[in-house]
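Here are my comments on the two-chain entry you asked me to look over, set out as numbered points. They move from the overall make-up to confidence, the contact between the chains and the core.

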Amino acid sequence: MASVGIDATLQYSLGPQDIGEAMHDARGRWWTIEHTGDLGIEVEAPSLPALFVMGACGMTGVLLGLEGDSPEPEPESAALSRELVLEAPDREALLVEWLRELLYIHASEGLLFTAAEMVELTDKELVARASFSSPEDEVSPERELKGVTYHDLELSRRGDGWFARIVFDL
Amino acid sequence: MAVEGYRLEKIDDHRWRIPRTGPMLTDGLVFADDELIPHIESDKSLQQVANVACLPGIQGPSIAMPDIHWGYGFPIGGVAAFDLEEGIISPGGVGYDINCGVRLLRTDLTARDLRPQLSKLMDRLYRKVPSGVGASRSDLKLSLHEVTRVLSNGAAWAVENGYGWAQDLERIEAGGALDGADPDQVSQRALERGRAQVGTLGSGNHFIEIGYVSEISDEEAAAALGLEMGTVTAFIHSGSRGLGYQVCDDYLKKMLQASEKYGIVLQDRQLCSAPLGSDEAKRYLGAMRGAANYAFCNRQMMAHRVRETFAEVLGQSAERLGMRLVYDVAHNIAKIETHRVNGVEKKVCVHRKGATRAFPPGHPEVPEAYRHVGQPIFIPGDMGRYSYVLVGTEGAYNETFGSTCHGAGRMMSRKQAKRTAKGRAIVRELEGRGILIRAASRATVDEEISEAYKDVKDVVQVVHRAGIGKIVAQLKPMGVLKG
C-alpha cells in the first residue's frame with residue numbers, strides 16, 4: 001500500500017510582494033489571495049477600526065474586479081450614508097458580520113461601500129456610519145459574491161498594526 | 001484548529017484513504033487516480049475532508065469525489081452523511097447556492113439542423129434569460145406571498161403559471177419540490193431577494209449550454225434518456241440565486257451560536273452546525289428546502305425560456321421539436337434519505353456539496369421511464385471541451401450514499417485563470433472551434449477558460465471505473481450563455 005504524506009502547511013502562493021509597489025499608507029491596504037474555488041483577501045491596517053474599514057474597501061474592490069489597493073476612503077463622493085449597529089459573539093465573527101451586512105446592502109439595493117466612520121467598536125459590538133455610492137454612479141460590479149465565510153478567517157495583531165484574512169464565496 | 005498530521009494511503013487504482021487520526025471520528029475516502037491526486041493535493045481540500053470527518057454522528061467515511069477542490073468549510077466535491085439522533089446538519093455542507101444543480105433538455109434536432117440558426121438562437125437566448133452580476137428581472141417581480149408559494153411548491157409553481165409542461169415535474173429530483181419546506185423559517189431579507197430573480201441565470205460558473213451528443217457509451221441508457229448521436233441538447237446550470245445565499249448567510253450565524261450551545265467542536269468555523277434533532281436544525285432544514293424549491297422553479301422557468309427561444313428561431317413549437325426534459329438534479333443539498341450503514345438500513349442526513357445524487361436502477365425515487373437504467377446524472381465540463389451524461393449505480397448506493405461527482409473541478413484560481421487568458425481573445429478562440437459564447441462579462445469568460453478546469457473526461461472515468469456512476473454519453477458545446 002503506497003503512502004503519500006500531505007503537506008499540512010500549504011502557503012498562499014501570492015503575498016503582498018506580488019501586487020506591485022503599493023505603499024503602506026496610514027490607513028492600510030488589502031490584496032487578494034489565491035483560492036482554487038473561491039476568493040479571499042488579506043488586509044493590513046494600523047488600528048482595529050481601520051482594519052474593519054479597509055476590509056470593507058477590499059470587498060468593494062473584489063466586487064469591482066480589483067486585485068488590491070491602498071485606497072483613501074471617499075466619503076465626500078458618497079451618495080448616501082447609513083448608521084449600522086451590529087453584534088456578534090466575538091471580534092472575528094463581528095468582522096464577518098460587518099462585511100455580510102455591507103454585502104446584503106449591495107445585493108439588495110445595488111449600493112457599494114465607499115467609506116465608514118467607526119463610532120464604536122468593541123469585541124462584540126460595532127456602531128458605524130457607512131457611506132455608499134449609488135447604482136447610478138459610473139462604477140459597475142464585475143463579480144457577484146455569494147457570501148462572506150468563516151473559513152480560514154483570521155484577525156490578529158501583526159507588528160504595530162492589525163491583520164485579517166477573509167474568504168468569500170464566489 | 002484543523003486536523004493535523006493526516007496521511008493519504010492508496011487503496012486501489014481509484015480510491016485513497018485518509019486514515020482516522022486525532023479528532024477524526026472516521027476515515028476519509030477519496031475517489032481519484034494517480035493523475036488526479038497531485039492536483040487534489042495541491043490545495044487544502046484534503047484537509048477539509050479530514051475536518052468534516054470530525055463532525056459528530058458522521059456515518060461511513062468523509063467522502064471526496066475526483067472533482068474535489070478547496071471550498072470553504074466542506075470541500076467542493078464532498079459527501080458526508082449523519083445519524084439523525086447523534087449527527088448534525090451544517091449549512092456549510094450545503095453551501096451558499098442551495099440546490100445549485102443542472103437540468104438537461106433534449107430535442108429532435110440534430111447539430112446540422114441547428115448550426116445555421118445557432119447565432120440567432122444564442123442572441124435571442126442572451127436577451128431572454130437575464131444573466132450576469134446581480135441579474136434580476138424587470139418583467140416579473142413576485143409579491144412576498146408568491147415567493148412563499150414558490151418556496152412551498154417549487155417547479156410546480158412555474159408549471160401552474162404557464163412556464164413549462166406538467167410532465168416536466170416527473171423528471172425532476174423529488175418531483176421539483178422537496179417536502180418539508182417551511183417559508184416561515186426564511187427571513188424577510190431572503191424573501192425580498194427572491195422577488196425578482198426567479199428565472200435568472202446569475203454569474204460565475206452558471207451557464208446555459210446548447211450542445212449535441214458526440215459519443216454514446218451505453219446505448220440502452222441513452223435510448224431511455226432520448227439521446228441519439230447528434231441530438232441537440234440544452235444544459236441549464238444555476239441555483240437559488242440571492243434567496244439561497246441569504247438563507248445560508250442567516251443560518252451560518254445561527255449555527256455558530258448553536259455549535260457553542262451544543263458543545264460541537266469545530267475544526268473550521270464554517271463547519272458550524274446543530275444537532276439534527278434540535279430546533280435550530282429543523283428551522284434550517286425548513287428554510288433550506290424552501291430555497292431548494294426556489295432553485296427547481298428557477299431552472300424550470302429558464303427551461304421554458306429556452307423552449308420559447310428554440311420555437312421562435314426555428315419556427316416550430318417546442319412540442320414539435322421534441323424538447324423534453326431529460327432530468328434535473330441538485331448538486332448542493334442536504335437530504336434525509338434511507339441508506340445501508342454497516343449492513344443496516346437507516347435514515348441519514350446526506351450532505352452533498354458539489355456532488356450529485358446517483359441512485360441506482362430500481363430505486364423508487366428514479367422516474368419510472370428511467371428505472372431500468374438508473375437516475376440520470378449530468379457532469380458539465382468546461383465551456384471549450386465536453387460534458388457527460390451518466391446514470392446512477394448500485395455501487396454508488398452502497399459506497400457513497402448514492403452520490404457521485406458534479407463537474408470538472410477547478411484547477412486554477414480565478415486570478416491564475418485571468419493571467420492565463422491575458423492578451424487572448426477567448427471568445428474568438430472558441431468561435432474558431434465552432435462554439436459561440438454570449439457573456440455578460442469578459443472577466444467571467446476569462447475566469448472560466450478551459451485550462452482553469454480539470455479535463456472532465458478524467459473525472460468521469462474515475463467514477464465510472466470505481467463503479468459510482470456509469471457513463472452514458474458525451475455532449476459537445478455549440479453555444480454557451482455565461483453570466
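1. Helices and strands are counted here as DSSP runs, of at least four residues for a helix and at least two for a strand, numbered from the N terminus. On that basis chain B has 15 helices and 19 strands, and the reader should keep in mind throughout that this is a predicted model.

2. The overall dimensions of chain B fit a compact globule, because 483 residues would then give a radius of gyration near 23 Å and chain B has 21 Å, which agrees. Its C-alpha trace spans about 60 × 50 × 50 Å along the principal axes, and 63% of the 483 residues count as buried. Among the contacts in chain B that join residues at least 6 apart in sequence, 77% link residues at least 24 apart.

3. Confidence in chain A calls for some care: the mean pLDDT is 81, with 80% of the residues of chain A at 70 or more, but the value stays under 50 over residues 1–25. For that stretch the model nevertheless has 32 contacts beyond four places in sequence. By element, the mean is lowest in strand 1 (residues 3–5) of chain A, at 30, and highest in strand 9 (residues 154–158) of chain A, at 97.

4. Where the chains meet, 44 residues of chain B are in contact with 36 residues of chain A. On the chain B side, at least two residues each come from strand 1 (7–12), helix 2 (45–52), helix 7 (188–194), helix 9 (241–261) and helix 12 (414–421), and helix 9 gives the most, with 6 residues. This side of chain B divides into 13 nonpolar, 14 polar and 17 charged residues.

5. Which residues touch the most other members of the largest nonpolar core? In this core of 217 residues they are Ala56(A), Leu99(A), Ile208(B), Val247(B) and Met288(B), while helix 10 (residues 279–314) of chain B gives the most to the core, with 16 residues. Beyond its neighbours within four places in sequence, Ala56(A) is in contact with Trp98(A), Leu99(A), Leu102(A), Phe113(A) and Ala116(A).

6. A local detail in chain B deserves a look on screen. Strand 15 (residues 376–379) points Pro376(B) and Phe378(B) one way and Ile377(B) and Ile379(B) the other, and all are buried; in a regular strand, side chains alternate between the two faces of the sheet. Strand 15 of chain B pairs with strand 16 (residues 387–391) of chain B in the antiparallel sense over 4 bridges, with Ile379(B) opposite Tyr388(B).

Notes:
Residues numbered from 1 in each chain as written. Chains lettered and ligands numbered in written order. pLDDT = per-residue confidence, 0-100. Contact = placed C-beta atoms within 7 Å. Buried ≥ 20, exposed ≤ 12 C-beta atoms within 10 Å, placed from the backbone. Pairing = 2+ DSSP bridges. Nonpolar A, V, L, I, M, F, W, Y, C, P; charged D, E, K, R; others polar. Rg over C-alpha atoms; globule rule 2.2 N^0.38 Å. Core = buried A, V, L, I, M, F, W, Y, C linked by C-beta atoms within 7 Å.
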